[in-house]
Amino acid sequence: MTRRTFISFLIAGVALALVPNLRGVADFPVYNLVFMYSVFYWVTQATSWNILSGYSGYFSFGQAAFVGVGLYTTAVLTAHYHVNFFLTIAAAGAMSTLLAVVLGFVSFRLRSLRGEVFTLLTLIVALALAAVAQLSDFIDGGQGRTVRAPDYPSVFGSYNDLIYRMGLVMALVAVMAACAIQHSKFGRGLFAIRDDEDVAEALGTPTFRYKMIAFAVSGFLAGAAGSVNSLQVSYVDIDGTFTFITPLFVILMSTLGGRNHWMGPVLGAVVIFTLQERLAGGGFASISQIILGAVLALTILFLPEGLYLRLRTRWRLATVVFVVSMAVQTMVGASGAVLTQFLISLVLVVASLGVPTRYLERVRPLRPASAKTPGRPVTASVVNATIEPEQVIHVDR
Amino acid sequence: MTAEREVGTVSVETLDRNAPILECRKLRMEFSGVRALRGVDLAVHPGEIVALVGPNGSGKSTLINVLSGMFKPTAGRIVFRGEDITGRAPHAISRLGIGRTYQIPRPFSTMTVLENVAFAAMFRHDGLSRTDAETAAWEYLDFTRLTPVAHKLPPAINLQQRKFLELARALAAQPSVLMLDEVLTGLNPAEIAESVDMVKRIHQSKVTIVIVEHLMRVVTELATRMVVLAQGEMLADGLPSEVMRRPDVITAYLGRQHA
């Protein structure tokens, strides 16, 4: 990660951290703050999943297991041992990391059937942990657990402000980690593992260690974010924790946004969570899963590489669609929440990105892509080399 | 210019020439009862081009897979520069300086040709940074004439280019021993000639080569030594012209009725 990227993240973080202060200035419902916290939560979860499963290609269905271990670590530590809540976040992250390391050690050791064994194992672990929590009165015993609001210095504002800012910090940490990994040698190694693990290993990549590190980072983020989320849900129960919704959501979010780039899960989480939340809020909760299934099918058909790659080439179109949609809805005086307007605009943007390139070219020929081709560095040994422009294609990564 | 250094290099090379750079002793490899290698002894010396020939299923590719660490041998030892490397992980063996290519090219399909080659430079013994690796990669692309397709993705280039990409990527890892698994299969006569020339140039850059090849014409042209495997055992080892005249080699290769 370059210094410029790092500073950009910090600026974005500070700007978002100041959002709760808007309430004093303008009409900003508390609900929107809660909504934004949830977006941060899902950005963290999807990013956590993507660091292992998106980058290295090892599909995990066990996201809920790591979230659950984090949640229950906090619930148990605060209930039985009265440990300070803020300390339990680190403990929750550590416990989830431990689970990831154990699971990784078992499944990554096997040379054959690597991906399949891994997927099945992660699927089973969530179920097994739910059973353990059910059987153990120490953990849950089927009663559920209440996580009490911790004491905190008043400078952090209201309780909602605190949760919002903690969610923001988690998301920021996760996304910065994903960005740093993607641009590092380590990230390169993970992408190579996804493309061809044997070749990556034969070219000097310590594949076992890389997968373990990626899984550990993923587990830590999932567990720590799960722990923070206990403040929001305040009541922890087994069915709500070890649910299949969590892995399905993170897979859907990362796939829609694009699994090759840290921005993918961020975009996917914003779109999918907004959609899900509006459907539930509008009384369509019963059919929301049908709609999410349709979104997944359409994504695979029209956006196989995800929103982010399309956004890079069509960001002007996307911006125009978004701004016009928001403006028109405001002018028409479309009733109801800003969130609904936001969702409608998002859906339109996604649709505009999903239009196959050939239809867009009919309207307006796209600029030749080679214009942006990264050039070859000119060094003494390569001065004589020539590159035929038409032979070079720009690869958008 | 630096006479001292040159003298030094020469003396090291004379030392090396006597000792094998890569050696396997009584190497056995069994896959759930199938004995793919039945006690192979082979010593490769610096500067050689050893051709590994034999009928399909004779254990040539298995030998390469075992030497590169992809399979752990059932029994026997592998020694590289006097050091026992049996059972080490493939990435560790690669970093020591044993490289390989695959019969069917296996480029990273989501990375460009340039990124593929840079990848190898990033993960070799001296682990270059991403930017340094890309700079270094251009030299290997020049060497294998892939510069014009540097920014293309592997599925967009032709078979010969993909085979050359295998070579470029293997070279970027800076191997001292390079094992080439059927680099010529599927190429037309002109491409074969070009590839043979490429292998010679790699050899001239002081890389010891083990080459698996079926084309006898090429083997006689390239190899300084020929090793024949049959049913997991070493049948013959010697100068290509001599080995190819041996009746048992002809029988193993062509079948009994031609003998």
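Me: A nonpolar core is a set of buried Ala, Val, Leu, Ile, Met, Phe, Trp, Tyr and Cys residues joined through C-beta atoms within 7 Å. Which residues touch the most other members of the largest nonpolar core?

Reply: Keep in mind that this is a predicted model. Its largest nonpolar core holds 167 residues. Those that touch the most other members are B:Ala51, B:Leu52, B:Val117, B:Ala137 and B:Ala168.

Me: Let's stay with one of them. Which residues does B:Leu52 touch, not counting residues up to four places away in sequence?

Reply: B:Leu52 belongs to strand 3 of chain B, which covers residues 49–53. Leaving out residues up to four places away in sequence, its contacts are B:Lys60, B:Leu63, B:Val210, B:Ile211, B:Val212, B:Val227 and B:Leu229.

Me: In the open sheet of six strands in chain B, what is the strand order?

Reply: Pairing in this open sheet is mixed. Its six strands, all from chain B, follow the order 6-7-8-3-9-10.

Me: Why is one side of strand 6 and of strand 10 in chain B left without a neighbour in the sheet?

Reply: Strand 6 spans 98–100 and strand 10 spans 233–238. Both stand at the edges of the sheet, so one side of each is left without a neighbour there. The reason is that each has a single partner strand.

Me: Which residue is the bridge partner of B:Ala230 in strand 10 of chain B?

Reply: Strand 9 of chain B, residues 225–230, runs antiparallel to strand 10 of chain B, and five bridges join them. Within this pairing, B:Ala230 has as its partner B:Glu233.

Me: At about what angle does helix 2 of chain B run to strand 2 of chain B?

Reply: Strand 2 is part of a second open sheet in chain B, with four antiparallel strands in the order 2-1-4-5. Helix 2 of chain B covers residues 60–67. This helix lies across strand 1, strand 2 and strand 4 of chain B, and its angle to strand 2 is about 65 degrees.

Me: Which residue stands opposite B:Glu30 in strand 2 of chain B?

Reply: Strand 1 (residues 22–31) and strand 2 of chain B pair in the antiparallel sense over eight bridges. In strand 2, the residue opposite B:Glu30 is B:Arg35.

Me: Over in chain A, does A:Arg194 count as buried or exposed?

Reply: A:Arg194 sits in helix 8 of chain A, residues 185–202. A residue needs 20 or more other C-beta atoms within 10 Å to be called buried. A:Arg194 has 20 C-beta neighbours inside 10 Å, so it counts as buried.

Conventions. Residues numbered from 1 in each chain as written. Chains lettered and ligands numbered in written order. Predicted model: local features only at pLDDT ≥ 70, side-chain atom pairs only at ≥ 80, totals over all residues. Pairing = 2+ DSSP bridges. Helix = DSSP H or I, 4+ residues; strand = E, 2+ residues; numbered from the N terminus. Contact = placed C-beta atoms within 7 Å. Axes fitted to C-alpha atoms, helices over the stretch in contact; angles between N-to-C directions. Buried ≥ 20, exposed ≤ 12 C-beta atoms within 10 Å, placed from the backbone.
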